[in-house]
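Please work through the following exercises with the sequence and the structure beside you. Try each task on your own before you read its solution.

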Amino acid sequence: MRLTISLAALALAIMPMAVQAQDGDKKKDEAPAVEAGVPAPNVSVTHHKGVFGGKAISYTATTGETYLKDKDGKPLAAIYATSYVKDGGDKKRPITFLYNGGPGSGSLWLHMGAFGPKRVVLPDAQDDGAPPYPLVDNAESLLDVTDLVFIDPVGTGFSHAIGKKDPKDYWGVSADAKSIADYIRLWLNENGRWSSPKFIGGESYGTTRSVALINELEGSYNDVAVNGIILISSILDFGASAEVQGNEMPYILNLPSMATTAWYHKKMGNPPATVAEAAQQARAFAIGPYAAALLKGNQLSDQERASVRTELARLTGLSEQFVDHAELRISPGRFYKELLRDRGVSIGRLDTRYTGKDYDAAGEEPDNDPSFYAIDGAYTAAMNSYARDELKYKTDRSYVTIGGVSGWDWKLQGQRGRDSEVYASVAPYLSKALRENSGLKVFVGQGWYDFATPFFGAEYAMSRTGFDASRIQYHYYDAGHMMYVRPDDLRKLSADIRAFISQR
C-alpha cells in the first residue's frame, strides 16, 4: 500500500495510535504495519486559511482513520473523522465533536451543510437537480470559536470494521456510543486536549447518540467532563413517538408540527400572524382537549368529539370529514399526502416546505420524501469531491452517505426488565448528566417544519421530572430537519451555537 506522508505529520507515525499522515508532497514506498496484514491508518494532513464569524483563521485539517483496538492492541475498527484545529496550539480552546444520525448516516450533512469550512449550496425548498453543485467557503463555520471534529461511526462514511471483526458489534445504541467515546478519548490523548472545554453534538439520531454518549463519557470513573451538548432536531424518547395502535402520544406530539405546516402552506383555518403563534395554539390544544379526547377513547361523548374534530380540522388544514374518518388520529404519512391533495402534490417528511409529485394523486401516502431526494445528490457529491480533492484523502472505499447499517440494537445499557426493552428512551441519561455535572448545558435546535423529529416531541422529552430547565436552551428555525438548507437559518443556527459555546 502506497501512502504519501507530509513532514508535518511525521511525528504522528511514532505515537501510540500509529497514525500515518499523507500531504501530497512526500512519498514513502511502504507504510509500516500496525500488525501483520493490517496497514497503518490512512490519514491526510493539509493546511488552510479562511474567514469564519468575521475572523481570519489559519487551521490544519486532519482527515482519515483512527483505529479502535482490543485490550491486546489488535485493531478492530477504523473510525474515519475530519478534524479542523486552529493553528497556534491553544490547548484551552474549545473542541466540538459532531456527527449525524440515521442510525447509519455519515457526518456529511453537518460537515458540508452547516459547520465545516466549506459548504455545498442548494436551492432552498427545491430539488437540487444535477451536478455540478457549488462548493463555497462557509463563513458560518464555527472555527472562530471552536476546533471541530466530524466523526463517522462504523458503517458510515469511510469507517469500517477491520479483518474478521463483525461491524454489527458496533450497531446499537450503547455499542455505538461506546465506540464514539473510545474515539474521543483517543483523540484527546493524541492531541493533548484533555483540559480543553468540550462540546458534543449531533443531528437527528445523532441527538440520541449524544445523550447515550454523555452516559459513556461521564458515567464511568474514566470521566470525560463535557461543557455542552448540542442537539439539532432531537429524538430522545422513542417510546412516546412509537406509531403503534393504542399509543396516543404520537398524535399529541405530532399535532403542533401539523399546525405549523398547515400555517406555512396557508391551509390553517383562521391563522395567527406568526408560525410561533400557530405552534403555541396547537401545543395548548394538544395537551388539553385533544389529549383528553384521545385518552377517553370510545367513552368520548358525541359533543366532545364534534368540538375536538372542528378544532383539529382547523389546526391541521384537513377536512372535518377526513379527521372524523381517521378517528381523530392523523398519521404523519396520511397528512403528507392529504394536506395538498387538491394541488396534486405531497409534502416532505424531513422538511414539510418541500413538495413532490407522486405516481398518482390518489394514494394514501407519498411515494418518497421530496425533502430528502431534493438534497442527497448534492451532499454526496460535495463530500466525495472535497475529501478526495481538497483534503487529499486517497482511498478506494466508497463513502457511505446513509443506510450502511442494519439490525440496530435498541437495548440501553444499565436498563433492565421488560418495560425498558419496549419503551426506549435515552432522556434519563441526560437528566442524570445534568444533575451530576453542574457545568453542563444543553442547546436544542428545532425546525418548525420537521416531521422526522417534531419539536413538541423534543420539548416533551426534556420537560420531564428530573431535568434542570434553566440549563436547556431552545431555538426554533423557519425550516425543517436540516434547517441549515435555508440560508437565513444557517446564519441564525451558526450564531446561536456560537453564542452557546462562547457563554462560559
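Helices, such as the one that ends just before the glycine in the first exercise, are DSSP runs of H or I with at least four residues, and they are numbered from the N terminus. Keep in mind throughout that this is a predicted model.

**Exercise 1.** Compare the span of helix α6 with the span expected for its number of residues, and then describe its surroundings and what follows it.

Solution. Begin with the length: helix α6 covers residues 302–316, and because each residue should add 1.5 Å, its 15 residues should span 21 Å. The expected span is 1.5 Å times one less than the number of residues, and the end C-alpha atoms of α6 are indeed 21 Å apart, in agreement with this. Next, look for buried residues, that is, those under 20% relative accessible area; in α6 these are V308, L312, A313, R314, L315 and T316. The elements that cover them include α4 (249–264), α5 (275–296), α7 (320–325) and α8 (332–338). Finally, step just past the end of α6, where G317 takes a positive phi of about 80 degrees.

**Exercise 2.** Carry out the corresponding analysis for helix α2.

Solution. Helix α2, residues 173–191, has 19 residues, and its first and last C-alpha atoms lie 27 Å apart, close to the 27 Å expected at 1.5 Å a residue. Its buried residues include V173, A177, I180, A181, I184 and L188, and also the charged-type names D176 and R185. Among the elements covering the buried residues of α2 are the strands β7 (55–69) and β8 (75–86), together with helix α3 (205–218). Just after α2, G192 takes a positive phi of about 60 degrees.

**Exercise 3.** Describe how domain 1 and domain 2 meet.

Solution. First fix the bounds: domain 1 consists of 43–239 + 375–503, whereas domain 2 consists of 245–369. Their centres, taken over C-alpha atoms, are separated by 32 Å. Then consider the contact itself, in which 24 residues of domain 1 touch 27 residues of domain 2. The area buried between the two domains is about 2100 Å², and carbon and sulfur atoms give 65% of it. On the side of domain 1, Y449, F451 and F456 supply 43% of the area buried against domain 2, more than any other three residues. Last, count the polar links: there are two salt bridges between the domains, and nine residue pairs are in polar contact. Helix α13 (residues 455–461) gives the most to the side of domain 1 that touches domain 2, with five residues.

Notes: Residues numbered from 1 in each chain as written. Predicted model: local features only at pLDDT ≥ 70, side-chain atom pairs only at ≥ 80, totals over all residues. Heavy atoms only, no water. Helix = DSSP H or I, 4+ residues; strand = E, 2+ residues; numbered from the N terminus. Buried < 20%, exposed > 50% of the residue type's maximum accessible area, 1.4 Å probe, protein only. Contact = heavy atoms within 4.5 Å. Domains from an automatic or database assignment. Buried area = accessible area lost by both parts, 1.4 Å probe. Salt bridge = Lys/Arg side-chain N within 4 Å of Asp/Glu carboxyl O. Polar contact = N/O pair within 3.5 Å; in protein donor to acceptor, adjacent residues only side chain to side chain.
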